[in-house]
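Colleague: Hi! Could you walk me through a helix and a sheet in this structure?

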Amino acid sequence: MQTLPRAVKILIGTATMLGITCVAIRVPSIARWDIADVIAVVVIAGLTIVTERCSIPLRRGSETVNFALTDGVWAGSLLLVSPSVLTVAVLLGVGVGQALNRWKPYKIAYNVAQFLVGITLAEFAFTILRSWGDGPTDPTLWAGVLGAMYITFAVNATAIMLVVSMVEGSRFLDLFRLPLSLNVVHWLGNMALGILGAILWTAEPVALVLMIAPVALTFTTYRRWVESIHERDQMRDLYEAGRALSSPLASSEDFGGFLGLLEKLLAADRVELVVVDGSSVAVHASAGVRYLTVDEAETSPLEAFVAVHSGVAPQIALVGDEGDVRGVLAVYRPQVLSASERLLLDGLANQIAARLQDHRVFGKTLERARLSEIVSHTSDGVFTVDTLGRVTTWNPAMRALTGYTEDEALGRRCHDLLGLDRDTVFSDGAAGDGEARDTEIWTNDGTKRDVRLRTSVIRDDEEAPPARIVVVRDASEETRAEQIKRDFVSMVSHELRTPLTPLKGFLMSLVEGTVEDSPERREEYYRIMLRQAQRLERTVSDMLDASQIEAGGLVIDLQPVPLDHVLGRLVKEFQEQHPGRRVTAGEIGRPSIVLADPFRVEQVLLNLLSNADKYTDPELPITVGAVRNGRYVTISVWDKGPGIAPEHLDRVFDRFYRVKDGSGQRLPGSGLGLYIARTLVEAMSGHIWVESELGVGTAFSFSLPIVDVAALGEAIPFDVAAAEAVDPPLVRR
């Protein structure tokens, strides 16, 4: 009861209260009973107990349909006794009968309650119909009994299927349809026997002896019918179980469907398959699989991993032969397995053993195939050598590293092919694997190449070391990556320290009072500190943006942007922040609206202006312009700095890349501004490029798509006159 869902508990409680109510309404009638009524209760309850004890179970899926003559007894009683007598008889007969069958108390309470509700509704219906007929021999009353008892049948079927669907989480209609046809035929037969018994009791009580034959014949027919259905289901389930074990091998073995079929085949409460593989124990059941971890050194028999469920000890069959036991198949049911069922269980256990062996072979084959595929596509060179140092396998990456094809390498000694001596290939580390070491190898064109290699032992099933696997990596790539890392750390340290040094100096001077403290001088100090703080902020922002880009977290909010308004405002703000720098602006022929992220457009343009300011002498101007070109607008920033050498033009947008000056020193900067600008422009469906000439200057340009204003209609209000009133129109250079 404790394991039932809360909704089922509420249903059982509600049904029990309704059953108590059905008995309570009969109390006034019970108080008026005579001895004949008491005898009738005893007889009907006794017959009910007998029929409940002789019920024939038929398992249908997760539910058991019980074939009994109980409702036939009630149908005849409905014609002969008062409603209160029948109600009490149902209460006593069903309760005692199912208790003798050792059903669980909450099941007995629910069944008794739903039968009381059904029979009470039938009694009310028959009370109305009784006035239409004249005794049990009147055919009109037979139809009344069928109608009234149909109510009991409907209540019983609905109540049972409802609680099953709530426990299992299944659809009610799917469960209701499953046993419906069987129940209807069974019910009609019982009704005929019940009415016939009532007629004989009314006409000639002694003639009830004649009912023994049809009742026995009906019971035998039910039993044979149930056995035939059970045999048919067994054959189907056995076929499905065989199919489940012979299905195609998968990457992971799932026995849930097979064990569910085996539960039906053996009428078991539960069937488990315990498979032990080293330190892992897999317990398979129809509901799923759970894994346990044990000490590999344990010598406990496999039966020790089979638990007792619901007080029922398992009946087991070993999976595998005596020399190689792979698992245990455990069946949980109160009844002992018959000889034929034991043969069936042992046969299926042998099939499971074969299945497990096939899966192991399949897993090893698949693992080797995947390993071969991985080695063929890895960027590291991989080859194997035998005990004499001769190459036995050669992956495509080795050809890229050395220039030797597989046919040229196979069978040749490492020393002759690559210049690797035996000690380099066969030296063992602490754990039997060679440590990574840097060395040189000869390539096919006669040059040497710096590589980093690692060797490992390949062992066969006898743990002998017949061969070595060698993994080769181009050391120049790692060296370059390490250099980039060192440069980045140095650059970050410099870029963060440069603005912090004057900030700290001015603040200490102001605190200690060692500088002139007039308002004019303080304003000058504040402006210097503000510029250094802005530089520090820009450096940190660039590093955060670069981190977001690498992590795939870049956010772009595309919307129509009035470009001339944005450019005019940015030029004015940049001029105010750099009063010593002259920035000129061009003019667009007519206002343009681009599809872009306004914040990101400002970020790109500020990065280009800052880059031009950094590389251009203070007395030389910087020019910003924009021109329409078909469906795009191109924005350009020109400077008259020293220019960029042609060999650097293809790399200036790379992350952390900085151009060296004439003395060979890298110019200050993080190397992130142009990288971020390129990423942002491309994210807005644009394009960015650079043109430069040494001694003349450099022009960085980027293009953005134009929004069709006519297509937008009134969706985007844009006041051109208001925008030009705020900022002067741009002039095309």
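Modeller: Happy to! A residue counts as buried when its relative accessible area is under 20%. Keep in mind that this is a predicted model.

Colleague: Thanks! How many residues of helix α4 are buried?

Modeller: Helix α4 covers residues 70-80 and is mostly covered. Its buried residues include T70, D71, W74 and L79. By the cut-off of under 20% relative accessible area, the count for α4 is ten of eleven residues.

Colleague: Now the sheet of five strands, please. Which strands are at its edges?

Modeller: This open sheet has mixed pairing and the order β14-β16-β17-β19-β18. An edge strand pairs on one side only. That description fits β14 (583-585) and β18 (687-693).

Colleague: Let's stay with β18. Which residue in β19 is the bridge partner of W689?

Modeller: Strands β18 and β19 run antiparallel, and seven bridges join them. Strand β19 spans residues 697-705. Within β19, W689 has as its bridge partner S701.

Colleague: And which residue in the hairpin of β18 and β19 takes a positive phi?

Modeller: The hairpin has three residues between its strands. One residue there has a phi near 80°, and that is G695.

Colleague: Last one: which helix lies across β18 and β19?

Modeller: Look for the helix formed by residues 673-683. Its direction is at about 140° to β18. The helix lying across both strands is α21.

Technical notes:
Residues numbered from 1 in each chain as written. Predicted model: local features only at pLDDT ≥ 70, side-chain atom pairs only at ≥ 80, totals over all residues. Heavy atoms only, no water. Buried < 20%, exposed > 50% of the residue type's maximum accessible area, 1.4 Å probe, protein only. Helix = DSSP H or I, 4+ residues; strand = E, 2+ residues; numbered from the N terminus. Pairing = 2+ DSSP bridges. Contact = heavy atoms within 4.5 Å. Axes fitted to C-alpha atoms, helices over the stretch in contact; angles between N-to-C directions.
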